[in-house]
Amino acid sequence: MKLEPVTSKRSIKLDDAHARPRGSLKSDKALERATEKQIKRISDLQRVLYADARYALLIVLQGRDAAGKDGTIRRVFTAVNPQGCRVASFKAPTELEQRHDFLWRVHAQVPPRGMIGIFNRSHYEDVLVPRVRGSITKKEWSARYDEINDFEEMLSRNGVVILKFMLHISRDEQKRRLLERLTDETKNWKFRVGDLEDRAKWDDYTEAYEGALKHTGTKRAPWYIVPADDKDVRDWLIARTIADALDDLELRYPPADPSVRGIHFE
């Protein structure tokens, strides 16, 4: 199995069947070893990314409540040097943020060259949520697709490599995970009443997600639909995709400054 970028509108399927892994799967132990291998690749390549400083890597994680965004970050980036990585989480806009264009708060969180940036939710929240709740018109959210595409195109031209992952879970799996939050005292704090309100709009969110994927998946900023019902498969697929993307950059350590090459220590 390997994640492939969304290349056509016809390939976008967010039904429950596509939330589960397809094809032959590795055993649990083999999958764990395979994931560890990809995590090590990311760790090794991150060091070169930092030294090379020609590119930044921006990881966008989108998904419904309980899709596993937090778990993905903990697992996939467990071996990353914190000095070269930062996570940004986008909640409801503040009063100040609402007085700016919707991308204002996002641009400030884009990683500089040499860094990995992870968006736990992202600028796509400012299309998905207001569209479903009816606080913006079709004309307005359609315009935001174009603005996002222009924004991501500009970032790409300036050395930001963008990978966008849609963590796709089924309705039954989300129910199981939300119930787990209610019964597990270590996860109670994650549960929001708003989670149930969003769940009641399942079909509306499905339509909104499909619209976003159809209109904002580009060659420079591709979307990957991740079957996320199985957490281990989810993490392996995402880790492999990130490691491959870093490998494709042909990163290199810069040469030493000529002024230090002839230095000798007594």
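# Charged residues, burial and contacts in a predicted model

Gln-38 makes contact with Trp-236, Ala-239, Arg-240 and Ala-243, leaving aside residues up to four places away in sequence. The model described here is predicted. Gln-38 belongs to helix H1, and with a relative accessibility of 8% this residue counts as buried, because the limit for burial is under 20%.

Helix H1 spans residues 28-52 and also holds Arg-33. Arg-33 is exposed, because its relative accessible area of 56% lies over the 50% limit. On the surface, Arg-33 gathers with Lys-26, Lys-29 and Lys-37 in a patch of positive charge. Arg-33 and Lys-219 are separated by 186 residues in sequence, and their C-alpha atoms are 31 Å apart in space.

A patch of the negative kind is also present on the surface, formed by Asp-101, Asp-146, Glu-147 and Asp-150. Glu-147 is located in helix H6, which covers residues 138-157. The relative accessibility of Glu-147 is 37%, and the residue therefore counts as partly exposed.

Helix H2, residues 69-76, contributes buried residues: Lys-69, Gly-71, Thr-72, Ile-73 and Val-76. Which elements cover them? The cover of the buried residues of H2 includes helices H1 and H10 (231-248), together with the strands S1 (56-63), S2 (85-89), S3 (116-120) and S4 (160-168).

The text now turns to pairs of opposite charge. Side chains of opposite charge can pair when their charged atoms come close. How many salt bridges does the structure hold? The structure holds 21 salt bridges, and the table lists some of them, with the distance between N and O atoms.

| Positive residue | Negative residue | N to O distance |
|---|---|---|
| Arg-121 | Glu-125 | 3.4 Å |
| Lys-164 | Glu-152 | 2.9 Å |
| Arg-157 | Glu-153 | 3.6 Å |

In the salt bridge between Lys-164 and Glu-152, the closest N and O atoms are 2.9 Å apart. Lys-164 lies in strand S4 and Glu-152 in helix H6, so this pair ties together parts that are 12 residues apart in sequence. Are the two partners buried or exposed? Lys-164 and Glu-152 are both buried.

Burial also applies to Glu-125 and to its partner Arg-121. The closest N and O atoms of that pair are 3.4 Å apart.

Arg-157 and Glu-153 both belong to helix H6, where they stand 4 residues apart, about one turn of the helix. Arg-157 is exposed, with a relative accessible area of 54%, whereas Glu-153 is partly exposed at 29% relative accessibility. Elsewhere, Arg-41, Arg-240, Asp-244 and Asp-247 are joined into one network by salt bridges that share partners. Arg-240 is also among the residues that Gln-38 touches.

One further acidic residue, Glu-180, has its place in helix H7, residues 171-183. Its relative accessible area is 25%, and Glu-180 is therefore partly exposed. Phe-191 is 11 residues away from Glu-180 along the chain, and the C-alpha atoms of the two are separated by 9.6 Å.

How values were computed
Residues are numbered from 1 along each chain as its sequence is written. This is a predicted model: local features need pLDDT of at least 70, side-chain atom pairs count only at pLDDT 80 or more; totals for chains, interfaces and linings use all residues. Side-chain values use heavy atoms; hydrogens and water are left out. Patches are made of residues with over 30% relative accessible area and no salt bridge: like charges are joined within 9 Å, nonpolar side chains (Val, Leu, Ile, Met, Phe, Trp, Tyr) within 5 Å. Accessible areas come from the Shrake-Rupley method with a 1.4 Å probe; for residues, only the protein chains shown count as cover. A salt bridge is a side-chain nitrogen of Lys or Arg within 4 Å of a carboxyl oxygen of Asp or Glu. Lys and Arg count as positive and Asp and Glu as negative; His and the chain ends are not counted. The place of a charge is taken as NZ of Lys, CZ of Arg, CG of Asp or CD of Glu. Helices (H or I, at least four residues) and strands (E, at least two) are DSSP runs, numbered from the N terminus. Buried means under 20% relative accessible area, exposed over 50%, partly exposed in between (1.4 Å probe, protein chains only). Contact means heavy atoms within 4.5 Å.
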